[in-house]
Amino acid sequence: MSIRQSLPTEIRVSKDRRDVKFLWDDGQLLPISAELLRVMSTSAEVKGHNNAERRVIGGKRDVAIEAIEHVGNYAIKIQFSDGHHTGIYTWPYLRNLGEGFDNHLSNYLDSLEKSGLAR
């Protein structure tokens, strides 16, 4: 038995480029801030090679999205205003970030505080 993967039907970057709204094929509209996308990047710079190596990245409150590029039919790659562009964001990962946005943001802010870093 296979489980059907939810897919975005529309990806809208806000005028100020500080957030992205994903409209999913089930009708859910899930916004994700550029800041959270940047600090939750799937790149080795952020996540390392395993969960123990994940880095807390501060100073990204004002990061903006410069470009979004499709990667096949399974993901996107985002170019940020700070030059970061190496993370690949799969549809399931983006759905998880959108559905759990408040929780992910809260965990990130807690990690910043514990690390002595600012947004």
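Start with the charges: the protein carries 16 positive and 16 negative ones, and their mean positions sit 1 Å apart. Keep in mind that this is a predicted model. As for the fold, you're looking at four helices and six strands, strung together along the sequence as β-β-β-α-α-β-β-β-α-α.

**Overall dimensions**
- A compact globule with 119 residues would have a radius of gyration near 14 Å, and the protein has 14 Å, so the two agree.
- If you're setting up a box, the C-alpha trace spans about 45 × 35 × 25 Å along the principal axes.

**Surface and burial**
- About 7000 Å² of the protein is exposed, with carbon and sulfur atoms supplying 49% of that area.
- Of the 119 residues, 36% count as buried.

**Contacts along the chain**
- Take the contacts with a sequence separation of 6 or more: 45% of them come from residues 24 or more positions apart.

**The nonpolar core**
- In soluble globular proteins, nonpolar side chains tend to be buried together.
- Here, the largest nonpolar core has 25 residues, and I32, L37 and L94 have the most contacts inside it.
- Both strands and helices feed this core: β2 (19-24), β3 (29-33), β5 (75-80), α1 (34-39), α3 (91-99) and α4 (101-115) each supply at least two of its residues.
- Zooming in on I32, and skipping residues up to four places away in sequence, its contacts are D19, V20, F22, L37, L94, L97, G98 and F101.
- That list includes L37 and L94, the two residues named alongside I32 for having the most contacts inside the core.

Terms used:
Residues are numbered from 1 along each chain as its sequence is written. This is a predicted model: local features need pLDDT of at least 70, side-chain atom pairs count only at pLDDT 80 or more; totals for chains, interfaces and linings use all residues. Side-chain values use heavy atoms; hydrogens and water are left out. The radius of gyration is taken over C-alpha atoms; the globule rule is 2.2 Å times the number of residues to the power 0.38. Buried means under 20% relative accessible area, exposed over 50%, partly exposed in between (1.4 Å probe, protein chains only). Contact means heavy atoms within 4.5 Å. Accessible areas come from the Shrake-Rupley method with a 1.4 Å probe; for residues, only the protein chains shown count as cover. Lys and Arg count as positive and Asp and Glu as negative; His and the chain ends are not counted. The place of a charge is taken as NZ of Lys, CZ of Arg, CG of Asp or CD of Glu. A nonpolar core is a set of buried Ala, Val, Leu, Ile, Met, Phe, Trp, Tyr and Cys residues joined through side-chain atoms within 4.5 Å.
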